[in-house]
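Please open the model in your viewer and keep the sequence panel beside it. The tour moves from one selection to the next, with a short account of what is there at each stop.

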Amino acid sequence: MLLARSSQFRVSSAASATNLTAHVDADSDHDIMLAVRMGEVRRLGELFERYHKPLYGFFVRLTNQPSASEDLVQIVFYRILKYRHTYRDEGKFSAWIYHLARKVAADHFRKHARTPIPADPVDFHEHPDQDPAPDAQAGTADDLALMRRALARVSHEHREVLVLARLQHLNHQEIARLLDCSVGAVKVRAHRALKELREVYFKIRKEAAA
């Protein structure tokens, strides 16, 4: 059973507003997660406030399914709560949460293997974000729309690398840990992903101009 919708989760975290105020400016993600691991589960609301939008963007770009992405974010935080005792003192929290997110996404794709993924999510603009476009050539609103369509058409493997590197701003070392490969392999995959993205982008732009 899924956790409450994001708005309900925020209400839950607001119930301890006094504690949040005392910690939100001073504590890092890592410190907060250690507190959650030690039993201060209400502080998970702080991490939700910091990560639910980036995670939503990650899932939307990976699945092109805004409604499903809301639920996938909830599943990530459910798993954080369930597996909080497995969080380690070393490493970076953002890498850990995206490790969980990738597993959630993989489960989603396996469950819906026969469900076609829409190539052009018509309601993408209903969920604007502050992240930069995946390629500097997409400077206008029309270019951004074409770039989003192009991103939806590249292979899943390449789309994942592009989302992690260009949109979620993880570095090569973090992505290598997530993908369980070398940094060199990540760089090669990122290069090939950008090449495919540009090829698809210019193909779509040519089709639109015809």
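When two helix axes are compared, angles under 35 degrees count as roughly parallel, over 145 as roughly antiparallel, 65 to 115 as roughly perpendicular, and the rest as oblique. Please keep in mind throughout that this is a predicted model.

**The whole chain**

Begin with a cartoon of the entire protein, whose secondary structure comes to ten helices and zero strands. Followed from the N terminus, the elements run α-α-α-α-α-α-α-α-α-α. Of the 210 residues of the protein, 41% count as buried. If you consider the contacts between residues at least 6 apart in sequence, 70% of them join residues at least 24 apart.

**Helices α8 and α9**

Select residues 156-167, which form helix α8, and residues 172-179, which form helix α9; the axes of this pair come within 10 Å and cross at roughly 140 degrees. Because that angle falls in none of the parallel, antiparallel or perpendicular ranges, α8 and α9 are oblique to each other. The crossing in which α8 passes α9 is right-handed. Now show side chains: from α8, Glu160, Val161, Leu164 and Ala165 meet Ile175, Leu178 and Leu179 of α9. Sorted by class, this contact of α8 with α9 has six nonpolar residues, no polar ones and one charged residue.

**Helices α4 and α5**

Next select α4, residues 44-63, together with α5, residues 66-82. The axes of α4 and α5 come within 8 Å and cross at roughly 135 degrees, and the two helices are therefore oblique to each other. This crossing, too, is a right-handed one. On the α4 side the contact is made by residues including Leu47, Tyr51, Leu55, Phe59 and Thr63, and on the α5 side by residues including Leu72, Val73, Phe77 and Ile80. By class, the contact of α4 with α5 has 15 nonpolar, four polar and one charged residues.

Stay here and center on Asn64, which lies in the loop between α4 and α5. What is the sign of phi at Asn64? Its phi is near 60 degrees, a positive value in a residue other than glycine. Most residues other than glycine have a negative phi. Asn64 is buried, with a relative accessible area of 5%.

Then move to Leu72, a residue of helix α5. Is Leu72 buried or exposed? With a relative accessible area of 4%, Leu72 is buried. If residues up to four places away in sequence are not counted, Leu72 touches Phe59, Thr63, Val104 and His108. A distance to draw at this stop is the one from Leu72 to Leu55, since the C-alpha atoms of these residues, 17 apart in sequence, are 8.7 Å apart in space.

**Helices α4 and α6**

Keep α4 on screen and add α6, residues 93-111. The axes of α4 and α6 are 11 Å apart, and the helices pack at an angle of about 40 degrees; α4 and α6 are therefore oblique to each other. The crossing of α4 and α6 is right-handed. Among the residues that make the contact are Leu47, Tyr51, Pro54, Leu55 and Phe59 of α4, and Phe93, Ile97, Tyr98, Val104 and His108 of α6. By class, the contact of α4 with α6 has 14 nonpolar, three polar and one charged residues.

Center on Phe93. Leaving aside its neighbours within four places in sequence, Phe93 is in contact with Asp29, His30, Met33, Leu47, Tyr51, Ile80 and Tyr87.

**The largest nonpolar core**

Which residues touch the most other members of the largest nonpolar core? Of its 50 residues, these are Leu55, Phe59, Phe77, Ile80, Phe93, Ile97 and Tyr98. Each of α3, α4, α5, α6, α7, α8, α9 and α10 supplies at least two residues of this core. The largest share, ten residues, comes from α4.

**A last stop at Ala35**

Finally, select Ala35, which is found in helix α3 and is buried, with a relative accessible area of 8%. Not counting residues up to four places away in sequence, Ala35 touches Glu40 and Arg43. Ala35 and Arg84 are 49 residues apart in sequence, and their C-alpha atoms are 9.8 Å apart in space.

Note on methods. Residues are numbered from 1 along each chain as its sequence is written. This is a predicted model: local features need pLDDT of at least 70, side-chain atom pairs count only at pLDDT 80 or more; totals for chains, interfaces and linings use all residues. Side-chain values use heavy atoms; hydrogens and water are left out. Axes are lines fitted to C-alpha atoms, for helices over the stretch in contact, and angles run from 0 to 180 degrees between N-to-C directions. Helices (H or I, at least four residues) and strands (E, at least two) are DSSP runs, numbered from the N terminus. A crossing is left-handed if the near helix is turned anticlockwise from the far one by less than a right angle, and right-handed if clockwise. Contact means heavy atoms within 4.5 Å. Ala, Val, Leu, Ile, Met, Phe, Trp, Tyr, Cys and Pro count as nonpolar, Asp, Glu, Lys and Arg as charged, and the others, Gly among them, as polar. A nonpolar core is a set of buried Ala, Val, Leu, Ile, Met, Phe, Trp, Tyr and Cys residues joined through side-chain atoms within 4.5 Å. Buried means under 20% relative accessible area, exposed over 50%, partly exposed in between (1.4 Å probe, protein chains only).
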